[in-house]
Amino acid sequence: MQLIVEKLAQRYGDLVLFSGLNFTVSSGHALVVTGDNGTGKSTLLRTLAGLMPPAEGHINFAGGDPDATLAEQCHLVGALNAIKLELTARENLADWRQILGGGGASVDEALAHFGLDRFADMRAEVLSTGWRRRLALARVLLAERPVWLLDEPTAGLDLASSRMVSDMVRDHLKLGGLAVVATHLDLGIAGVQSLELIRPVSISISVAGSDSAA
């Protein structure tokens, strides 16, 4: 499988977040996206996941399910955890398993993998920041999808939990998956590609025949 990105650009209004991005990520490999806050790392992942149309360029996924879109073949875990605080850890994962269609680990297996089994029947609102992040990440185990798009997956995690995330990504790659990870930390995974985004720039637009700086 290959995730192929050609001449990709994204902007908000007249603010160009990034442009001319070209990269290919193949099965068994990961791309680590770095850059200061506001350089478009989260936007890039959302664009790859199909949540935002590109301003320019193309995103192709070769070798996957020809009858499914890239969005249907990827897991996106954003900077926000996307959990319901009023539900228990078990109920949150049960909801996600239904949404994702299953086919991967059971809810109990996902809870146990992340050490959440002892908190399974506690409401998410009482969990610490780190345990909520573990709960958010646990959903990638509930359905087998070849592409993982992870936005700051180790945010709020201690060192041991961060290593767990690295191991999880490494296992996914060994099974032939691929990943794009936005992070400021070294995941400790050998052979990853890297892409650094720089600060966005404004562009000039023409208004009524005169140039105006955006």
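Does Thr-47 count as buried or exposed, and at what relative accessibility? At 2% relative accessibility, Thr-47 counts as buried, because the cut-off for burial is a relative accessible area under 20%. The structure is a predicted model, and this residue is a convenient place from which to begin a path through it.

Confidence should be considered before the details. The protein chain averages a pLDDT of 90, and 93% of the residues score at least 70. One stretch calls for caution: over residues 203–214 the pLDDT stays under 50. For that stretch the model has 15 contacts beyond four places in sequence.

Thr-47 lies in helix α1, which spans residues 41–48. Beyond residues up to four places away in sequence, Thr-47 touches Leu-8, Gln-10, Met-52, Pro-54 and Ile-59. The burial of Thr-47 is shared by other residues of the helix: Lys-41, Thr-43, Leu-44, Leu-45 and Leu-48 are also among the buried residues of α1. Because 6 of the 8 residues of α1 are buried, the helix is largely enclosed by the rest of the structure. Just after α1, Gly-50 takes a positive phi of about 85°.

What does helix α1 lie across? The helix lies across β3, β5, β6, β7 and β8, and runs at about 155° to β6. These strands make up an open sheet of 5 strands in the order β5-β6-β7-β3-β8, with parallel pairing. At the edges of the sheet are β5 (74–77) and β8 (193–196), each of which pairs on one side only. From one strand to the next, the twist averages 15°.

Within this order, β7 stands between β6 and β3. On one side, β6 and β7 pair in the parallel sense over 5 bridges, and Asp-151 has Ala-182 as its bridge partner in β7. The chain passes from β6 through α5 to β7, and this β-α-β crossover is right-handed. On the other side, 4 bridges join β3 to β7, again in parallel. Here Val-32 has Val-181 as its bridge partner in β7, while the partner of Val-33 is Ala-182. Ala-182 is thus a bridge partner of Asp-151 and also of Val-33.

Is β7 mostly covered or uncovered? The strand is mostly covered, with 5 of its 5 residues buried. Leu-178, Val-180 and Ala-182 are buried on one side of β7, and Ala-179 and Val-181 are buried on the other, so that both faces are covered.

The nonpolar interior may be considered next. In soluble globular proteins, nonpolar side chains tend to be buried together. The largest nonpolar core here has 36 residues, of which Leu-93, Leu-116, Leu-135 and Val-169 touch the most other members. The elements that give two or more residues to this core are β3 (30–34), α2 (89–100), α3 (107–113), α4 (129–138), β6 (147–151), α5 (159–174) and β7 (178–182). Apart from this core lies another, of 24 residues, including Leu-8, Leu-44, Leu-195 and Leu-197.

Two leucines illustrate the packing in this region. Leu-116 is in contact with Leu-111, Trp-131, Arg-134, Leu-135 and Ala-138, leaving aside its neighbours within four places in sequence. Leu-111 has its place in helix α3, and it counts as buried because its relative accessibility is 1%. With residues up to four places away in sequence not counted, Leu-111 touches Ala-89, Arg-90, Leu-93, Leu-116, Asp-117 and Ala-120. The C-alpha atoms of Leu-111 and Leu-93 are separated by 8.3 Å, although the two residues are 18 residues apart along the chain.

A final position returns the path to helix α1. Phe-23 has its place in strand β2 (residues 15–26) and is buried, with a relative accessible area of 9%. Leaving aside its neighbours within four places in sequence, Phe-23 is in contact with Leu-3, Ile-4, Val-5, Leu-31, Leu-48 and Leu-195. Of these contacts, Leu-48 is one of the buried residues of α1, and Leu-195 is among the residues of the core of 24. Phe-23 and Ile-59 are 36 residues apart along the chain, and their C-alpha atoms are separated by 9.9 Å. Ile-59 is also one of the residues that Thr-47 touches.

Conventions: Residues are numbered from 1 along each chain as its sequence is written. This is a predicted model: local features need pLDDT of at least 70, side-chain atom pairs count only at pLDDT 80 or more; totals for chains, interfaces and linings use all residues. Side-chain values use heavy atoms; hydrogens and water are left out. pLDDT is the predictor's confidence in each residue, from 0 to 100. Contact means heavy atoms within 4.5 Å. A nonpolar core is a set of buried Ala, Val, Leu, Ile, Met, Phe, Trp, Tyr and Cys residues joined through side-chain atoms within 4.5 Å. Buried means under 20% relative accessible area, exposed over 50%, partly exposed in between (1.4 Å probe, protein chains only). Two strands pair if DSSP finds at least two bridges between them. Axes are lines fitted to C-alpha atoms, for helices over the stretch in contact, and angles run from 0 to 180 degrees between N-to-C directions. A crossover is right-handed if, with the strands pointing away from the viewer, the path from the first strand over the helix to the second runs clockwise.
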